[in-house]
Structure formats: C-alpha cells, structure tokens
Amino acid sequence: MSDRYSHVLEQVAEACAAAARPASDIHLIAVSKTHPVALIDELAALGQIDFGENRIAELADKQAAVTAPDLRWHLIGQLQTNKVKQLTSDVIVHSLDRLSLAQKLQQRFSEQAASGTKLRCLLQVNCSAEASKSGVALADFEKLTDDIAAFNALEIVGLMTIAENSTEESVVRQAFATLRGLSETTAARKVFPGYLGWLSMGMSGDFTLAIAEGATHVRIGTAIFGGRPSTAGHGL
Ligand SMILES: *Cc1c(COP(=O)(O)O)cnc(C)c1O
C-alpha cells in the first residue's frame, strides 16, 4: 500500500504543477470504505490525515477503533435521514443533497450550534444529470441553497460531485467545470456566510482532471488501497 500511496502523492503533485497550483491547495481524502482499521492506522503512520467513508455506521466504528490520533473523517456517501443521529459534528459531510436531510441535520445539531459548533457540509450536485446518481439536480441547486441558507447549525463550505464514469476526458472535465462554475456563483451570491469554495471532486480514475479543473479535495480509494470486494462500496 505504501508504494501505491506514494505514487498517488506524486500524481497529485504533478497534476498541481501542470495546473500551476500549489500542492497545498489539495486535500487528499483516503477512501477507506470496506478496508480494515489496520490499513487506516498504517496510512496514518505515513502522514495521511483525511479519511472518507460512505456509510455512517462504518465511519463511526472505524473512528472509535483507530489508534492514530487526530484524523479527520469525511462522510462521502448518501446519508439517510434515519441515520442522522449516528453522526457527530466533527465529521465533514460531502453528501448533503436535499432539503429533508438538511432539516434533519439542523434539528440534530441546533443545540451545538448555540454553543458555536456547526456541522461542516458540502452540497452534492449531480452535474452529469445521470438518473442513477445522487446529488441535487442542476435545475434545483439554487433553490436548495436558498432554502438551507438560514439553517444556522450547518456551515456550507463547498460543493461535491461524482463525474460520469466515461472514457471521454471532455465529458468528465465538463462535470468538474460545471461544479466549479456553480461554486463561483454561490460564492458571489453570498448565500452562505462560512462558504470556503471547497470543491470535492475526483476519484481514482479522474483525480488529475479534477485537479486541473480546480478540485480542493480529491477522494481516492482504489488507487491507494487496491480493489474492494465487488459487492461493497456502492452507494454512489
Ligand atoms: C468509493 C468512493 C470514492 C473512491 O472511489 P475510488 O474509485 O476507489 O477512488 C470516491 N467518492 C465517493 C463518493 C465514493 O463512494
């Protein structure tokens, strides 16, 4: 795994150099879903801090089991409203994609918000309009931002997308460029006071393109850990 990890770090650095961006712009999220805690600890020992999971129960179990201190956890998979109670405010949620979920999150964290702790979230957008994919539709995006702007327990810091699994570079790049454009508009509209313009985009197969299009957070599983069992890791 350490060879694969070094290779990914090199590729991230090369993509940054090619895009004339500082490497410090990019947060690499190691997507550890289905992989054992021992591998997370091993990667943490190599300096990796950010880890991503797509199920909240698995995330919470692993968070409790790791020995490495001070890791940062990202929930990147769909979150069902009945699972919101399992979530804690130190987790960064990349998959906020609907008002009903935002309402549940607001309820869950409103008390903590009163004492200054907010839940950091990214809005997941379905940029490629694939029916199978979660994320708010482009046509509904602005309305969603307006609807949740007043939710004081949530700090919306950026946007997330999953590009179409296409061999055509231009198709993939277009999805990333669309997300960047939406983020610029969102920043300019000043709907979210704590907005940071984070762009969570790029996976093992397309992270160099995502970096070229402005990604700040890339979510990489397979290229670091190797393959997952074929039945696991769905939930996109
Ligand atoms: C599994 C997953 C990833 C990582 O995918 P790889 O192709 O293994 O790098 C990234 N983002 C989301 C939302 C995922 O569910």
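**Exercise 1. The ligand site**

A polar side-chain atom of Arg 219 lies 2.9 Å from a nitrogen atom of the ligand. The model is predicted. Find which other side chains place polar atoms close to oxygen atoms of the ligand, and state how much of the ligand the protein buries.

*Solution.*

Step 1. Take Ser 204. An N or O atom of its side chain is 2.5 Å from a ligand oxygen.

Step 2. Take Thr 222. One of its polar side-chain atoms also sits 2.5 Å from an oxygen atom of the ligand.

Step 3. Turn to the area. The ligand taken alone exposes 390 Å². The protein buries 94% of that.

Step 4. Look at the surroundings. There are 14 residues around the ligand. Those that come nearest are Lys 33, Ser 204, Gly 221, Thr 222 and Arg 228.

**Exercise 2. Order in the sheet**

Work out how strands 1 to 4 pair, and in which sense.

*Solution.*

Step 1. Start with strand 1 (residues 27–31). Two bridges join strand 1 to strand 2, and the two run parallel. Val 31 stands opposite Gly 52 here.

Step 2. Move to strand 2 (residues 50–53). Strand 2 pairs with strand 3 (residues 72–75) over four bridges, in the parallel sense. Asp 50 stands opposite Arg 72. Phe 51 faces Trp 73 in the same way, one opposite the other.

Step 3. Finish with strand 4 (residues 92–96). Strand 3 and strand 4 are parallel too, with two bridges. Leu 75 has Val 93 as its bridge partner.

**Exercise 3. Crossovers and cover**

Determine the hand of the two β-α-β units that involve strand 2. Then decide whether the faces of strand 2 are covered or open.

*Solution.*

Step 1. Follow the chain into strand 2. Strand 1, helix 2 (residues 37–45) and strand 2 form a β-α-β unit, and the unit is right-handed.

Step 2. Follow the chain out of strand 2. The path runs through helix 3 (residues 56–65) to strand 3, and this crossover is right-handed.

Step 3. Check the faces. Asp 50 and Gly 52 point to one side, Phe 51 and Glu 53 to the other. All four are buried, so both faces are covered.

**Exercise 4. Salt bridges**

The structure holds ten salt bridges. Examine three of them, and say for each partner whether it is buried or partly exposed.

*Solution.*

Step 1. Recall the principle. Side chains of opposite charge can pair when their charged atoms come close.

Step 2. Take Lys 62 and Glu 53. Their side chains meet in a salt bridge at 2.9 Å, N to O. Buried means under 20% relative accessible area. Lys 62 has 6%, so Lys 62 is buried. Glu 53 has 0%, so Glu 53 is buried as well.

Step 3. Take Asp 97 and Arg 98. Their salt bridge spans 2.8 Å, N to O. Asp 97 is buried at 11%, whereas Arg 98 is partly exposed at 27%.

Step 4. Take Arg 189 and Glu 142. The closest N and O atoms are 3.8 Å apart. Arg 189 lies in helix 6 (residues 169–189) and Glu 142 in helix 5 (residues 141–148), so the pair ties together parts that are 47 residues apart in sequence. Both are partly exposed: Arg 189 has 31% and Glu 142 has 46%.

Step 5. Look for shared partners. Salt bridges with partners in common join Glu 53, Glu 58 and Lys 62 into one network.

Terms used: Residues are numbered from 1 along each chain as its sequence is written. This is a predicted model: local features need pLDDT of at least 70, side-chain atom pairs count only at pLDDT 80 or more; totals for chains, interfaces and linings use all residues. Side-chain values use heavy atoms; hydrogens and water are left out. A salt bridge is a side-chain nitrogen of Lys or Arg within 4 Å of a carboxyl oxygen of Asp or Glu. Buried means under 20% relative accessible area, exposed over 50%, partly exposed in between (1.4 Å probe, protein chains only). Two strands pair if DSSP finds at least two bridges between them. A crossover is right-handed if, with the strands pointing away from the viewer, the path from the first strand over the helix to the second runs clockwise. A residue is near a molecule or strand if one of its heavy atoms lies within 4 Å of it. A polar contact is a pair of N or O atoms within 3.5 Å; within protein, one must be able to donate a hydrogen and the other to accept it, and residues adjacent in sequence count only if both atoms are side-chain atoms. Accessible areas come from the Shrake-Rupley method with a 1.4 Å probe; for residues, only the protein chains shown count as cover.
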